[in-house]
Every structure is written in C-alpha cells, then in structure tokens.
Amino acid sequence: MPIHPSIVHLPIALSVLMPLLAMGLLVAWWRDWLPRRVWIIGLLMQALLVGSSWAALETGEADEERVEKVLANEDPLDAHEEAAEVFLFAAIGVLTVFAASAFMPNAGLGRSLATLATVGTFVVAGLAYRVGHAGGRLVYQEGAAQAYTGSTAGAAPAQSMTRPHDDDDDD
C-alpha cells in the first residue's frame, strides 16, 4: 500500500488549524494576555506543516510512475503535483515570516509580521484545499487508486465506492 495517502492528511489538517492557532496567538500577543514567546508555538506548528508537506510531496513523487501507468490522461496528476509544490513553497514563505516575527528585536514590527504570517496561514489553507481537490480528482474520477488495486492500465475508475442500501435491514 502507498504511504502517500496516509501522510497527506497531516499537512491538510494543519493547514486548516493554523489560521485558528495563529489568530489566537496573535490576539493574545496584541492584548498582552500571553508573553511574546508563545508565538514560537505557531512557529513550531508551521514548521511541522512544512515538514509534513515536504514528506507528502516526496511520497507522492515516489508513487508517480506507478500511478501514471493507470491514467488515461496525466494532466490531473501534473495539476496535483504543481498545486502541491505551490502549497509547499507558500508554507515555507509563511514559516519564514513566522520566524522573522518571533525573533524580531522590535516588538511592534514583530507584531506586524505576526499579523502578516496569520494572513499567510489563510492563503496556505486555500492552497491546501486546491491540492486536496486535485488529489481527490485523481483518486475518485481518474482512477489513480487502481495502481494499487491490481487493475490494468487504462481501466475506467470505479463508479461508486458505497454499498447499495438494503431496505430489509431496518433493525
């Protein structure tokens, strides 16, 4: 079984959580509810997002040749890979702003950079949606999972993954 489908869930989940975490930390820092150093929590979580994104990209590239053999059209695979690369580079950019804001000697400038980093987490979340959507299209519309189910190249993707409803099972 491929490891890529298991790995991708961490960066996607983190990309959804990071805007919430960053906003909470930013408000706490702006209102002096918590000391500035708590911003490092956001920095570390963004670093985890970047690391897990890199791992997802690497495991996806490891599966690429095998998946290409079952796809009639490689354009969706290329779109998924390009979206993943943009996502990773954006996450790295936001990580850089997190680090700059955490270690900026000027507290006012640090808060301004932290605000920028928080906005960046929303951008990264949107890019994560794009990557996930393209990956879902590969699996559910293009039949990429057939690379691991023993189906032959060029076979049509499964029409439905659900079991038919049995009306006699109402207990």
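**A walk through five helices**

Hello everyone, let me start with one residue: Ser52 is buried, with a relative accessible area of 7%. Buried here means under 20% relative accessible area, exposed means over 50%, and partly exposed lies in between, with a 1.4 Å probe and protein chains only. This is a predicted model, so local features need a pLDDT of at least 70 and side-chain atom pairs a pLDDT of 80 or more, while totals for chains, interfaces and linings use all residues. Residues are numbered from 1 along each chain as its sequence is written, and side-chain values use heavy atoms, leaving out hydrogens and water.

Back to Ser52, which sits in helix α3. Helices (DSSP H or I runs of at least four residues) and strands (E runs of at least two) are numbered from the N terminus. What does Ser52 touch, leaving aside neighbours within four places in sequence? Its contacts are Ile7, Leu10, Pro11 and Leu14, where contact means heavy atoms within 4.5 Å.

Now let's step back to the whole chain. How many helices and strands are there? The chain has five helices and zero strands, and reading along the sequence gives α-α-α-α-α. There are 171 residues, and 37% of them are buried. Among contacts with a separation of 6 or more, 77% join residues 24 or more positions apart.

Next, the interior. A nonpolar core is a set of buried Ala, Val, Leu, Ile, Met, Phe, Trp, Tyr and Cys residues joined through side-chain atoms within 4.5 Å. The largest such core has 27 residues, and the members touching the most others are Trp39, Leu49, Phe87, Phe98 and Val124. Which elements give two or more residues to this core? They are α2, α3 (39-68), α4 (75-103) and α5 (107-140). Helix α4 gives the most, with nine residues. There is also a second, separate core of seven residues, and its members include Val67, Leu71, Leu77 and Ala144.

Please find Ser15 next, in helix α2. Its relative accessibility is 1%, so Ser15 counts as buried. Not counting residues up to four places away in sequence, Ser15 touches Leu49, Phe87, Thr121, Val124, Ala125 and Ala128. Three of those names may sound familiar: Leu49, Phe87 and Val124 are among the core members that touch the most others. The side chain of Ser15 also has a polar atom 2.7 Å from the backbone oxygen of Ile12.

On to the aromatic rings. A pair of aromatic rings is described by the distance of the centres and the angle of the planes. Rings of Phe, Tyr and Trp (its six-membered ring) pair if their centres lie within 6.5 Å; planes under 30 degrees apart are stacked, over 60 edge-to-face, and the rest tilted. Searching the whole structure turns up two aromatic pairs. Trp29 and Trp39 make a tilted one, 5.8 Å centre to centre with 45° between the planes. That pair links distant parts of the chain, with Trp29 in helix α2 and Trp39 in helix α3, ten residues apart.

The ring centres of Trp39 and Phe98 are 4.8 Å apart and their planes are at 15°, so this pair is stacked. Here Trp39 in helix α3 is linked with Phe98 in helix α4, 59 residues apart. Ring pairs thus join Trp29, Trp39 and Phe98 into a cluster.

How accessible are these residues? Trp29 is buried, at 2% relative accessible area, and both Trp39 and Phe98 are buried too. Beyond four places in sequence, Trp29 is in contact with Leu34, Arg36, Trp39, Ser101, Ala107, Gly110, Arg111 and Ala114. One of these, Arg111, is 82 residues from Trp29 in sequence, yet the C-alpha atoms are 7.8 Å apart. Leaving out residues up to four places away, Phe98 touches Met18, Ala22, Trp39, Gly42, Leu43, Gln46, Ala117 and Thr121.

Last stop: the loop between α2 and α3, where we find Asp32. Is Asp32 buried or exposed? Asp32 is exposed, with a relative accessible area of 58%. Most residues other than glycine have a negative phi. Asp32 has a positive phi, near 60°.

Thanks for listening!

Definitions and conventions:
Polar contact = N/O pair within 3.5 Å; in protein donor to acceptor, adjacent residues only side chain to side chain.
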